[in-house]
Amino acid sequence: MAFLQLTNIQKSFGPVQVVHNFDMGIDKGEFVSFLGPSGCGKTTILRMIAGFETPSGGTIFIDGKDQGALKPNQRNIGMVFQAYALFPNMNVHDNVAFGLKVAGDSKPEIDKRVKQMLGLIKLEHLADRFPYQLSGGQQQRVALARALAVKPQVLLLDEPLSALDAKIRVSLREEIRQIQQQLGITTVFVTHDQEEALSISDRIVVMNAGRADQIGTPFEIYNTPATRFVASFVGTLNIIEGKVADPAIGAVTIGGQQISLSEPITGAKGGDSISLALRPEAGSIAEGARGDTALPGKVVSRSFLGSVIRTKLRVGEDIISFDMFNDPGMIPPVAGESVTLRFAAKDLLVIRE
Amino acid sequence: MKARRLGAWIAIAIGASYFIVPLLGTLEFSLRMRRDAYSFDAYRSVFSDFQFRETFGYSMMMAVLTIIFGMLLVVPTAYWVRLRLPQVRPIIEFITLLPLVIPAIVIVFGYLRLYNSSSILPLTGSTSGTNMLLMFSYMTLSLPYMYRAVDTAMRAIDVRTLTEAAESLGARWPTILFRCIFPNVMSGVLSGAFITFAIVMGEFTMAALLNRPAFGPYLQLVGANKAYEPSALAVIAFAITWLSMGLLQLVSRFQKSAPAKA
């Protein structure tokens with residue numbers, strides 16, 4: 001059994017089932033992100049681990065102990081909320097000390113631990129400030145220190161970066177990851193931001209309508225999405241509709257042109273419709289571009305995104321986007337220009353529904 | 001534009017005069033006890049009256065008790081409704097508004113029928129029982145103001161998330177309520193307390209019909225028998241109300257905690 005074991009977890013609110021038979025084991029010290037759109041059930045699972053929601057079915061074990069009968073204040077869990085949730089009547093020191101006081105620790109112990117925690121988040125100099133005197137990023141760091149002060153078995157982070165501006169978000173997520181690795185604490189992180197999840201997680205759970213569509217490392221999730229939903233939710237992806245020509249050799253027809261996939265297509269017969277996915281960064285129209293597959297098309301539009309230029313091509317009935325690095329010496333294609341898109345057949349992924 | 005502004009100022013001046021002129025008249029009359037000279041004789045007479053001290057002290061004590069017990073009733077109720085029973089909020093709001101639409105005399109007659117000496121709970125059968133009944137009736141009267149003041153203060157903080165944060169840190173209900181929630185709704189609690197204080201100090205109907213020596217019936221008694229002292233008492237009563245209102249403003253202005261957050 002894993003350190004944090006969720007078995008057959010279900011949750012219904014009235015007639016609406018928001019979590020369907022969710023199973024997962026999270027190892028000690030692992031950082032797992034729950035990624036998905038609003039209403040997919042990711043926060044509900046987090047709240048069930050914390051004890052704020054009671055599962056309609058299934059069990060939650062932490063370090064071999066069933067959490068079912070335990071109230072939230074009896075579970076050894078630290079939680080950080082999107083809205084910071086610092087106590088407005090207490091200063092930074094008292095906020096961090098709160099859980100330790102509740103636990104009945106002595107004053108010297110509390111002071112030592114608070115100092116240690118404030119050192120961890122580099123805010124020792126703000127110990128006397130009240131929450132309203134801190135920026136959003138500082139408040140969230142204090143909330144993190146407060147959650148960690150009680151030495152929880154599991155740290156739960158409920159979209160802790162959503163209320164912050166872009167720059168702070170990036171620096172704070174790196175800080176969270178660094179602290180998590182330093183303490184080796186098992187962490188569950190809920191987010192709807194794919195970049196956040198990809199950048200700091202050991203594993204990602206992509207949630208869709210109350211189910212885990214895929215559980216895997218960021219690399220697996222990005223490069224081999226298991227379903228169309230995962231493919232479309234994580235990163236930008238071209239979904240290309242084709243027809244199976246010969247499943248045994250992986251031949252498919254796209255825009256009237258036959259190409260070969262790197263593997264045979266299982267569970268399909270000739271003439272079946274098939275959805276294929278191609279990441280924008282996998283294709284190129286540059287002279288001498290490498291790739292065993294070529295598709296001719298016409299440039300529809302291009303947009304400048306800073307470090308890359310995203311160009312849209314019409315190939316048959318499909319519109320395919322591809323990215324090229326912004327090279328000032330290169331002349332980008334113009335709308336209406338005929339080009340050949342090259343890519344490796346292994347980069348084309350067959351998408352399950 | 002200027003004419004409209006002038007009109008607004010005239011309207012304000014008329015409105016203000018409607019309230020201020022009678023008060024100035026009362027104040028001026030209360031100072032004329034000594035013939036041909038202004039003096040504080042009426043105030044001296046009031047303050048030296050044993051009954052004044054007794055009734056004022058009694059009402060003060062009742063006000064303090066009403067505030068304490070009112071808070072113990074209202075704060076947990078408002079908290080619980082906000083946290084766990086948001087669907088019963090309209091019902092609670094309706095109940096708390098009832099004392100505004102049901103006249104005090106109707107309420108007190110209801111009390112006398114329910115709690116008379118031959119009833120199951122004969123509160124009027126003893127002095128302490130009647131005092132308790134009077135305090136509960138004051139709690140009822142102050143409920144519309146007290147509940148709203150506390151509920152508004154709770155709206156300014158994220159009660160649910162603060163509760164969950166405290167719970168996740170191991171806190172139990174009493175700790176959450178008294179260390180995390182109560183201090184953050186203190187401005188509302190104090191606002192409700194000052195309004196309650198002002199209501200209790202001037203209340204007549206309940207105290208008179210329950211036959212308790214409160215400040216309201218004393219005001220009426222003096223008003224019926226003396227000339228200058230009633231004006232002095234009216235000014236004192238107004239001063240108490242204003243003091244309460246001033247403190248209320250002060251508390252809401254100098255609140256230490258964070259600004260309201262949605």
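**Exercise 1. How many salt bridges are there between domain 1 of chain A and domain 2 of chain A? Find the residues involved and describe the contact region around them.**

Keep in mind while working that this is a predicted model.

Step 1. Start with the boundaries. The domain assignment splits chain A into domain 1, residues 4-232, and domain 2, which comes in two pieces, 236-286 and 296-350. Their centres, taken over C-alpha atoms, sit 39 Å apart.

Step 2. Now list who touches whom. On the domain 1 side of chain A, 8 residues are in contact with 7 residues of domain 2.

Step 3. Put an area on it. The two domains of chain A bury about 640 Å² between them, with carbon and sulfur atoms giving 46% of that. On the domain 1 side, A:Y222, A:R228 and A:A231 lose the most area, together 70% of what that side buries.

Step 4. Run the salt-bridge test, with its cut-off of 4 Å between nitrogen and oxygen. The count between the two domains is 1. For A:R228 and A:E241, the closest N and O atoms are 3.1 Å apart, and the pair forms a salt bridge. A:R228 also turned up in the area ranking of Step 3.

Step 5. Widen the search to polar contacts. Counting pairs with both residues at pLDDT 80 or more, you get 4 between the domains. As for where the domain 1 side comes from, α7 (218-223) and α8 (228-233) of chain A each supply at least two of its residues. By class, that side holds 4 nonpolar, 3 polar and 1 charged.

**Exercise 2. Which residues of chain A lose the most area to chain B? Work out the make-up of the chain A side as you go.**

Step 1. Count the contacts: 24 residues of chain A meet 22 residues of chain B.

Step 2. Get the area. The size of an interface is often given as the accessible area lost when the parts come together. For chain A and chain B that comes to about 2100 Å², 65% of it from carbon and sulfur atoms. On the chain A side, the top losers are A:N73, A:P88 and A:F98, which together make up 26% of what that side buries.

Step 3. Look for charge pairs. Across this interface the rule finds 1 salt bridge: A:R47 meets B:E164, with N and O 2.5 Å apart.

Step 4. Add the polar contacts. With both residues at pLDDT 80 or more, 4 residue pairs qualify between chain A and chain B. Three elements of chain A, β6 (77-80), α2 (92-102) and α4 (136-149), give two or more residues to the side touching chain B. The largest share, 4 residues, is from α2(A). Sorted by class, the chain A side has 18 nonpolar, 3 polar and 3 charged residues.

**Exercise 3. Where in chain B does pLDDT stay under 50? Set the answer against the rest of the chain.**

Step 1. Sketch the chain. Chain B has 12 helices and 0 strands, and its C-alpha trace spans about 75 × 70 × 30 Å along the principal axes.

Step 2. Take the overall confidence. The mean pLDDT of chain B is 88, and 95% of its residues reach 70 or more.

Step 3. Go element by element. Helix α7 (residues 159-168) of chain B has the highest mean pLDDT, 93, while helix α12 (residues 229-253) has the lowest, 82.

Step 4. Pick out the weak stretch. Residues 257-262 of chain B stay under 50, and the model has 11 contacts for them beyond four places in sequence.

How values were computed
Residues numbered from 1 in each chain as written. Chains lettered and ligands numbered in written order. Predicted model: local features only at pLDDT ≥ 70, side-chain atom pairs only at ≥ 80, totals over all residues. Heavy atoms only, no water. Domains from an automatic or database assignment. Contact = heavy atoms within 4.5 Å. Buried area = accessible area lost by both parts, 1.4 Å probe. Salt bridge = Lys/Arg side-chain N within 4 Å of Asp/Glu carboxyl O. Polar contact = N/O pair within 3.5 Å; in protein donor to acceptor, adjacent residues only side chain to side chain. Nonpolar A, V, L, I, M, F, W, Y, C, P; charged D, E, K, R; others polar. pLDDT = per-residue confidence, 0-100.
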